[in-house]
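Please walk me through this structure in running prose, beginning with the cysteines, passing on to the aromatic rings and ending at the nucleic acid.

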Number of protein chains: 2
Amino acid sequence: MLSKRAKYAIKTILFLFENKDIVPVSAKYISEKENIPYKFLENILRDLRTHQVVKSTRGPVGGYSLAKDPNDITVTQLMRIIDGPVALIPCVSEKFYEACGECEDEETCRIRKLFFELRSEMVGVLNKSIVELSNL
Amino acid sequence: MLSKRAKYAIKTILFLFENKDIVPVSAKYISEKENIPYKFLENILRDLRTHQVVKSTRGPVGGYSLAKDPNDITVTQLMRIIDGPVALIPCVSEKFYEACGECEDEETCRIRKLFFELRSEMVGVLNKSIVELSNL
DNA sequence: TCATTACCCTACAAAAATTATAGGGAAATT
DNA sequence: AATTTCCCTATAATTTTTGTAGGGTAATGA
């Protein structure tokens, strides 16, 4: 399952992209327009800022805007920042690998092989930029 | 993430298939061989029996065996029995559809479109039978 | 028949992850 | 200086996951 956090993050980035004429946009505004709990959103935005997907400015006319070319922001990136691995089991994760400690030999584990293939296919679909997502 | 329950279920079915010469196999035996907590496994087996993936016989020489042709048991089936939807968001689930209640219009929701495509690809990979899984 | 083995069933509990909420501090603008 | 908005830590409520406990029921074999 995609977490609400991740879904909110994707919606937020899409929102910033599609409202680039009025950026920076305050968290409060995004929160109201996208129906995301304000404090929860702030927390998500902090993660996105830490990972330099978003940049912020303070003060009365402050808010958030994209920190880079929307063509360079992908859905996989956002999912990894917010939820961690895209893979369904950690032993086939590209960015968050962990041994499962169950199988004798990773190289011959059939479940691993299947979910390795699955992860590849998933990344193939999810490696879309925000621009591409916007045009779907 | 794939739950442990689902992973245990897949391992159990694979085990029953690959040990068809000694079936029925007791839950205790599977539990020991596959390192699955006994009572937890019983619970999983109950679900699998309810869904007629597995059949059981009681008494001292009893145990579990596959209830149908292993070519007709797929990984998606097992995941759906144990974890529910394969889809990462409920509004694109084939078998467990639920409205998200967030977007104005499902037909035009871009996130939905993306995760619909994702689910299709996932099912494409996961619709492998136990026989195919065994041969990976 | 009777002890043993193994499935069957309900309820509950511990742990982890998810989804927030609370309360205030710091910077920028007017 | 007052207002707005980002910034940060801590904690609480809820749900899901992962198991445990305890006993009942059917079949076998001595």
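With a relative accessibility of 27%, A:C100 counts as partly exposed. In this predicted model, the search for disulfides over all chains of the structure finds zero. For A:C100 the nearest cysteine sulfur is that of A:C103, 4.1 Å away, and because a disulfide requires two cysteine sulfur atoms within 2.5 Å, A:C100 is in no disulfide. In chain B, the cysteine sulfur nearest to B:C100 is that of B:C103, at 4.1 Å, and B:C100 is likewise in no disulfide. B:C100 is partly exposed, its relative accessible area being 25%.

The aromatic side chains come next. A pair of aromatic rings is described by two quantities, the distance of the centres and the angle of the planes. Counted with a limit of 6.5 Å between ring centres, the aromatic pairs over all chains come to four. One of them joins A:Y8 and A:F40, whose centres are 5.9 Å apart and whose planes stand at 85°, an edge-to-face arrangement. Because A:Y8 belongs to helix α1 (residues 4–18) of chain A and A:F40 to helix α3 (residues 38–50) of that chain, the pair ties together parts that are 32 residues apart in sequence. Is each of these two residues buried or partly exposed? A:Y8 is buried, at 6% relative accessibility, whereas A:F40 is partly exposed, with a relative accessible area of 32%.

In chain B, the rings of B:F15 and B:Y29 also form a pair, with 6.1 Å between their centres and 55° between their planes, so this pair is tilted. B:F15 is found in helix α1 (residues 4–18) of chain B and B:Y29 in helix α2 (residues 27–34) of chain B, so that the contact ties together parts 14 residues apart in sequence. Of the two partners, B:F15 is buried, with a relative accessible area of 8%, while B:Y29, at 32% relative accessibility, counts as partly exposed.

Aromatic rings also meet charged groups in this model. In chain A, the charged end of A:R119 sits over the ring of A:F116, at 4.9 Å from the ring centre. In chain B, B:R119 lies over the face of B:F116, and the distance to the ring centre is 4.9 Å.

The remaining part of the picture is the protein surface near DNA strand C. Around this strand there are 26 residues, among which A:K39, A:R58, B:A27, B:R49 and B:S56 come nearest. By residue class, this surface divides into ten nonpolar, seven polar and nine charged residues. On the side of the nucleic acid, 65% of the atoms of DNA strand C within 4 Å of the protein belong to sugar or phosphate, and the rest belong to bases.

Several individual contacts can be followed in the view. A:Y8, the buried residue of the edge-to-face pair, has a side-chain N or O atom 3.3 Å from a phosphate oxygen of DNA strand C. A polar side-chain atom of B:E42 lies 3.2 Å from a base nitrogen of DNA strand C, and a backbone N or O atom of B:P60 lies 3.5 Å from a base oxygen of the strand. The elements that give two or more residues to this surface are α1 and α3 of chain A, together with α3 (38–50), β1 (54–57) and β2 (63–66) of chain B. Which element gives the most to the surface near DNA strand C? That element is α3(B), with five residues.

Key. Residues numbered from 1 in each chain as written. Chains lettered and ligands numbered in written order. Predicted model: local features only at pLDDT ≥ 70, side-chain atom pairs only at ≥ 80, totals over all residues. Heavy atoms only, no water. Phe/Tyr/Trp six-rings, centres within 6.5 Å; stacked < 30°, edge-to-face > 60°. Helix = DSSP H or I, 4+ residues; strand = E, 2+ residues; numbered from the N terminus. Buried < 20%, exposed > 50% of the residue type's maximum accessible area, 1.4 Å probe, protein only. Lys NZ or Arg CZ within 6 Å of the ring centre and 35° of its normal. Near = heavy atom within 4 Å. Polar contact = N/O pair within 3.5 Å; in protein donor to acceptor, adjacent residues only side chain to side chain. Nonpolar A, V, L, I, M, F, W, Y, C, P; charged D, E, K, R; others polar.
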